[in-house]
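Here are a few exercises to work through with the model open beside you. Try each task before you read its solution.

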Amino acid sequence: MTASAPDPRLESLRGRLLPGAVRTVRVVGFDGADVLVRVADAGEGASETGRIPLHDVSMRRVEHPSELFTVGQEIEAEETGRWRGGQPHFSARACENPGLRAFLLGCAPGQVVTGTVAGVHGFGVFVHVDGEPEGMCTGFVRVPDLTWGWIEHPSQAVEAGRRITAEVITAETRSGQIALSLKALQEDPLIRFADQAGLVLTGTVVRVLPFGVLVRLAPDVVGLLHLSEPDGGPSATPGRLVAEGEPITVEVAEVDLERHRVRLCAVGRAAES
């Protein structure tokens, strides 16, 4: 089988996240809230005007970049790509804290790090990564990267003050943040569950949704019984048939390892679907 060509959109996004080269640039003016710069180390006749967008000016909040920079000032900035017809863009914030930058560059994707949970929120978990500069909080774990299991809130997976081990997904010099994954160091529970396809199992309803029912079949395995399945008709309303916490017997129609999902059906209907 011939490997498919990389998605250019994904390649472009990946390129934006990877740290770029550091250049010495000279401030030549302002365009609204952006900083106009020329590469000072490009050599005679090779210089061109680029810009530092406001969001890449500093990690500190400023109303206008003139609060930080003056015309003629030379600063170090990271190349972030070419935009608006090929004009080079730079990030000053990526070079603002040399100690932080050096730490982030030392955290390669796939590397295993340790740290302490600093805060748990509905959108994710902040982590003090061991070795980070004092006063910083560089680690962040998105909810989908916490565990293979189904959870309603990150507090079900971790708590503040807990020591964790995680894998680095990306380390971004522009945001000053390391995307981490706890799940990457855990075995995918569906690998061991794959041989359950076709079996009739009894699980527990963990959530009733408008389009179906989520059923926990094992500690970290949750399957979806679609709306049309509970009583065999598309007019069924899941909330009228089952309630959260109730046991339910279902047939495992499919275990999709690639998409990491389990499709369930009413007992005896797998062969029909």
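Two strands count as paired if DSSP finds at least two bridges between them, and strands (E, at least two residues) and helices (H or I, at least four) are DSSP runs numbered from the N terminus. This is a predicted model, in which local features need pLDDT of at least 70, side-chain atom pairs count only at pLDDT 80 or more, and totals for chains, interfaces and linings use all residues. Residues are numbered from 1 along each chain as its sequence is written, and side-chain values use heavy atoms, with hydrogens and water left out.

**Exercise 1.** Trace the closed barrel and find the helix that packs on its sheet.

*Solution.* Start with the strand order: the 5 strands run β6-β7-β8-β10-β9, with mixed pairing. Neighbouring strands are turned by 50° against each other on average, direction ignored; axes here are lines fitted to C-alpha atoms, for helices over the stretch in contact, and angles run from 0 to 180 degrees between N-to-C directions. Next, look at β9 (residues 163–172) and β10 (residues 177–181), an antiparallel pair with 5 bridges. Helix α2 (residues 98–105) packs on this sheet and touches β7 (124–129), β9 and β10, where contact means heavy atoms within 4.5 Å. The direction of α2 makes about 30° with that of β10.

**Exercise 2.** Follow strand β2 and its partners, and decide why β2 can be called largely enclosed.

*Solution.* First, β2 (residues 34–39) is joined to β1 (residues 22–31) by 6 bridges, running antiparallel. The two form a hairpin with 2 residues between them, and G32 in the turn has a positive phi of about 65°. Then, β2 pairs with β3 (residues 49–52), again antiparallel, over 4 bridges. V37 ties these steps together: V27 stands opposite V37, and in β3 the bridge partner of V37 is G50. Finally, 5 of the 6 residues of β2 are buried (under 20% relative accessible area, 1.4 Å probe, protein chains only), so the strand is largely enclosed by the rest of the structure.

**Exercise 3.** Describe the lining of the largest pocket.

*Solution.* A pocket is an open set of points on a 1 Å grid over the protein atoms alone, with protein on both sides within 12 Å along at least five of seven lines; lining residues have an atom within 4 Å of a point. Of the 21 lining residues, W148, W150, V222, H260 and R261 are closest to the centre. β13 (221–226) supplies the largest share, 5 residues.

Conventions
Buried means under 20% relative accessible area, exposed over 50%, partly exposed in between (1.4 Å probe, protein chains only). On a 1 Å grid over the protein atoms alone, a cavity is a set of points where a 1.4 Å probe fits but cannot get out, and a pocket is an open set with protein on both sides within 12 Å along at least five of seven lines; lining residues have an atom within 4 Å of a point. Ala, Val, Leu, Ile, Met, Phe, Trp, Tyr, Cys and Pro count as nonpolar, Asp, Glu, Lys and Arg as charged, and the others, Gly among them, as polar.
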